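User: Please take me through the cysteines and the strand pairing of this model, with the criteria stated as you go.

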Amino acid sequence: MLARLAAQLALPGADDLLVDPAVRRMLARVVPHVCVFARHAPSQKEAVVAAFEDAGHTTLMCGDGTNDVGALKRAHVGVSIVSAPDIERKKREAQGTARKLQKEERAERKRAKREAKQAKEGKKDKKKPTSNGRTKQADAALSWERALQQMAEAEEELDQVSLGDASIASPFMARTMNFVCCRDILLWGRCTLVTMMQIYRILGVNCLVNALVLSKLHMYGVKQGDRQLTALGLLVAGLFFFVSRARPLDKLSPRRPTSSILSPQPLLSIFSQFAVHATAILAATHVSLLYVDAHDPAMTPDGPFHPNPLNTACFLLTATSTVATFAANYRGAPYMEELACNRLLLRTLQGAAAVLAVGAAEVFEPLNQLLQLAPLMEGRADRGTCGGDGVGALAVVANALGLWACLCAVMALDVTVTFAVERGIIYCFEG
């Protein structure tokens, strides 16, 4: 058909017709409504891919031969697969045998349960296994062994198959003979995208919190010890590593994930979480200032570090905000496994939260000494330490509950509100 149309338009051939701007515009309107394309020449395959792209679609091309090279290079995502019909037939037969054996085993288990139930109710005497039954079980086990051996041999032969020309033109190569690899690319691609998006959000929140500590709170004399910074740095490095180990779910979600950190949802999430953390850190700072001697040399911005309630409160709230940020921004379903399935990340977050709680409650003194934490259960709040209308009320509350109880309450509220804010944003944007 293309050849006859090219002759009518006085074009040299069908290939020249496919690159004509008018034809490309027409194909861009027609191609998205077609479901199956069959028996196409290499140039026609490339033209179909180009038509989808002209229509504004993202394309993925999967091919196994030289005639697919042009379309593989033209598509946004090119996937080359192995072409081995004999191995494919062998593997398909073994998989069919395995599925048949599975159905027979399920039917046999149902029959055995039914007979056992009838025997228990007295309706039927329980039969002893006969030699014929034992023979069937032995035959089934032998068939299972043969099917598994055939699949293993097919996989081994598949690894020995040399890659064709299609592998040179495509960025993705799969030693498979079906299109399951395309689904895997989408699943892992979305999981990687979501992981990077949550890493960017975590970095954004942590950078804003650190900027607050290094700017405004530094003028109050807030500092952190070397061991505190080392412990916090090791914790953040480990959490980032465990976040990157998340695996995708087996089911492809119909909803696409956010693809830009500059979109409204990530930006609102970052600034909302920072507002919660900043409020908690500033509240803890103003309360702990009531327990600090204003004439202490360590209170000057350039003074030496010395453990005091102010530095301790700032470190505990900063570490708590870090743990809350990692936990709240972990995306989970429908793009990746839930936090409960990422055991290393979950255990690390739980361990960090437990250490912070023990440090705030002063249960284990060697831990407080290791982290350079000052005692929080000694002394009383001084109303004249810092000015402000709310200083008297803060002093009354701090003296009634104790500084450690106030800090524990602020830490718990920080984590709770952060989770609530993030879940609310997800619900508003995604439903």
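The turns below deal with the cysteines and then with the strands.

Analyst: This is a predicted model, in which local features need pLDDT of at least 70 and side-chain atom pairs count only at pLDDT 80 or more, while totals for chains, interfaces and linings use all residues. Residues are numbered from 1 along each chain as its sequence is written, and side-chain values use heavy atoms, with hydrogens and water left out.

User: How many disulfides does the structure hold?

Analyst: A disulfide is a pair of cysteine sulfur atoms within 2.5 Å. The cysteine sulfur closest to that of Cys182 belongs to Cys62 and lies 4.0 Å away, which is too far for a bond. The number of disulfides in the structure is 0.

User: Is Cys182 buried or exposed?

Analyst: Buried means under 20% relative accessible area, exposed over 50%, and partly exposed in between, with a 1.4 Å probe and protein chains only. Cys35, at 78% relative accessibility, counts as exposed. Cys182 has a relative accessibility of 12%, and therefore counts as buried.

User: Which residue of β2 is the bridge partner of Gly63?

Analyst: Strands are DSSP runs (E, at least two residues), as helices are (H or I, at least four), numbered from the N terminus, and two strands pair if DSSP finds at least two bridges between them. Strand β1 (residues 60–63) runs parallel to β2, and 4 bridges join them. Within β2, the partner of Gly63 is Ser80.

User: Which residue of β3 is the bridge partner of Val79?

Analyst: Strand β2 spans residues 77–81, and 4 of its 5 residues are buried. β2 also pairs with strand β3 (residues 172–174) in the parallel sense, over 3 bridges. In β3, the partner of Val79 is Phe172.
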